[in-house]
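Got the model open in your viewer? Follow along and select each stop as it comes up.

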Amino acid sequence: MFAPQSWQTERPSIGERIKFMLSNDLFSDVNFVVRKSDHAVESKQVIPAHKFVLSIGSPVFGAMFYGDLAETRDSIELPDCEYESLLELLGYLYSDEVNLSGSNVMRVLYLAKKYMVPSLADKCSEFLLDNLDASNKCNEKRLIDQCWQVIDNQSEEAVKSDEFTTIEHSLLEAVVSRGTLAINEIDLFKAVDLWATKTCEKQGIESNGKVKRRILGEKIIKEIRFLIMEEQEFASVVPDTKILTPVELKAIAMGFYDRKRSGIWVCDRYGSIYNGCKTYDGLKDYLLVKVDNDIMLHRLRFCGSENRKYSVKLKIGNLDWCPLDQCVCKTGTFVSKRLQCKNRNDYFGFEVKLGHSMALKKNERYLIEAEISGQPSWVGNFGCSVVKVAGVNFSFITSLKKVFAFRRIAMEHVISVWSSSV
């Protein structure tokens with residue numbers, strides 16, 4: 001781009017000057033090569049950029065250009081990027097501005113997550129949330145399905161956004177009724193209660209339990225899965241809202257409620273567990289999982305030794321949806337204890353409960369990555385590649401040569417998957 005010698009003085013603010021540098025060859029020190037489609041004709045397009053500007057807006061770019069293994073090439077090809085969506089990402093990094101539409105929001109969201117720009121990802125989620133109603137802008141079935149997929153994978157962020165308290169009742173009902181939300185039930189209930197409270201405020205009426213229940217309606221109340229909440233969470237939050245009646249509170253406390261729900265069940269993938277003194281050495285283990293029905297994943301069980309501590313970094317990602325570094329994560333220290341199993345001998349191990357239950361969708365591939373450090377542990381024997389539980393087939397792949405061509409890894413320590421139907 002041609003720039004007059006006085007271009008700096010014509011733009012008095014730093015924001016205006018940086019924005020001027022977007023897609024500008026002036027002072028550019030890196031070029032991105034990306035795909036561009038024009039009426040079914042695909043070509044490659046070059047976008048000039050500036051490493052410093054990108055790096056102060058994205059830790060991924062910072063590591064790429066200034067990390068220990070910094071990229072030294074002048075031209076970098078990005079095969080997973082498309083021209084218009086990458087321009088929106090760069091435009092946001094250069095100016096805090098983005099132009100979202102139904103045709104680009106999913107690709108921009110992908111890039112925002114890949115390059116760890118959470119504020120841009122939030123804007124994409126807000127756009128999708130504002131346009132979820134089929135009678136609104138998001139009226140193409142394919143895009144509606146994509147919108148719901150975002151809600152399923154980013155449920156917690158969606159319900160905690162300010163915009164959630166302003167959605168229509170029909171949309172609230174649709175969200176709460178979904179069995180694939182990746183969120184703790186207690187957090188969903190809090191969001192529903194806040195929606196009812198804000199609705200009362202807008203209508204200028206008293207925000208008490210009876211009124212909030214009337215505004216919410218019985219269908220939404222019955223869609224909340226109170227029985228899968230932690231007992232302490234339930235006791236500390238739900239009664240104070242006064243949305244449930246004393247009879248309902250008592251019934252839940254006794255373990256019964258006026259609604260049949262699917263129970264939680266365990267998928268064990270090993271025929272036996274033995275004291276093999278396998279050492280957790282801090283290396284990453286992987287397990288690929290696929291199910292033939294939609295379920296909710298609640299926790300994972302690992303082998304251990306009696307009363308031993310283990311440091312765990314756990315990640316679970318949908319290989320068909322997002323990169324592993326943008327997925328459900330859990331980090332902590334866990335103590336191994338004696339665990340019981342219905343079909344085999346007791347053994348020592350520990351359970352890792354996810355930060356929120358995760359939806360595993362039918363016939364999609366999910367990769368579990370576990371980095372564990374600790375004392376030698378028991379290990380599994382006679383592992384099954386397919387296990388059927390409650391009518392759901394779990395397929396396991398421990399040899400990930402097809403996924404990671406450079407490495408062959410077996411995950412011997414993941415013993416069982418705790419899940420439920422949706």
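Start by selecting Gly380, which is buried at a relative accessible area of 12%; buried means under 20%, exposed means over 50%, and partly exposed is in between, using a 1.4 Å probe and protein chains only. Gly380 sits in strand β13, residues 377–383. Strands here are DSSP runs of E with at least two residues, helices are runs of H or I with at least four, and both are numbered from the N terminus. Now add Ser272 to the selection: its C-alpha atom is 6.0 Å from that of Gly380, although the two are 108 residues apart along the chain.

A word on what you're looking at: this is a predicted model, where local features need pLDDT of at least 70 and side-chain atom pairs count only at pLDDT 80 or more, while totals for chains, interfaces and linings use all residues. Residues are numbered from 1 along each chain as its sequence is written, and side-chain values use heavy atoms, with hydrogens and water left out.

**Zoom out**

Show the whole protein as a cartoon. It has 14 helices and 16 strands. Of its 422 residues, 47% count as buried. Take the contacts (heavy atoms within 4.5 Å) with a separation of 6 or more: residues 24 or more positions apart account for 72% of them.

**The three-stranded sheet**

Next, select residues 30–38, which are strand β1, together with β2 (41–49) and β3 (75–82). These three strands form an open sheet in the order β2-β1-β3, with mixed pairing; two strands pair if DSSP finds at least two bridges between them. Which strands stand at the edges? They are β2 and β3, each with a single partner strand, so one side of each has no neighbour in the sheet. From one strand to the next, the twist averages 30°. β1 and β3 run parallel and pair over four bridges. To look at one pairing, pick Asn31: its bridge partner in β3 is Ser75.

**α4 against α5**

Move on to helix α4 (residues 83–95), which packs with α5 at an angle of about 55°, their axes 9 Å apart. Axes are lines fitted to C-alpha atoms, for helices over the stretch in contact, and angles run from 0 to 180 degrees between N-to-C directions. The two helices are therefore oblique to each other: angles under 35 degrees count as roughly parallel, over 145 as roughly antiparallel, 65 to 115 as roughly perpendicular, and the rest as oblique. The crossing of α4 and α5 is right-handed; that means the near helix is turned clockwise from the far one by less than a right angle, and left-handed means anticlockwise. Show side chains for Ser85, Leu86, Glu88 and Leu89 of α4 and for Arg107, Val108 and Leu111 of α5, which make the contact. By class, that contact has four nonpolar, one polar and two charged residues. Ala, Val, Leu, Ile, Met, Phe, Trp, Tyr, Cys and Pro count as nonpolar, Asp, Glu, Lys and Arg as charged, and the others, Gly among them, as polar.

**α5 against α6**

Keep α5 (residues 105–114) and add α6 (residues 118–130): their axes come within 8 Å and cross at roughly 150°. That makes α5 roughly antiparallel to α6. α5 passes α6 in a left-handed crossing. On the α5 side, select Val105, Met106, Val108, Leu109 and Ala112; they meet Leu120, Ala121, Cys124, Phe127 and Leu128 in α6. The residues of this contact are ten nonpolar, no polar and no charged.

Then pick Met116, in the loop between α5 and α6. Met116 has a positive phi of about 55° although it is not a glycine, and at 40% relative accessibility it counts as partly exposed.

**Two more loops**

Lys242 is in the loop between α13 (231–241) and α14 (246–253). Lys242 also isn't a glycine, yet has a positive phi of about 60°. Buried or exposed? Lys242 is exposed, with a relative accessible area of 59%.

For the last stop, select Asn307, in the loop between β7 (295–303) and β8 (309–318). Asn307 counts as exposed at 58% relative accessibility. Leaving aside residues up to four places away in sequence, Asn307 touches Val335 and Ser336. Measure across to Phe334 if you like: the C-alpha atoms of Asn307 and Phe334 are separated by 9.6 Å, with their positions 27 residues apart along the chain.
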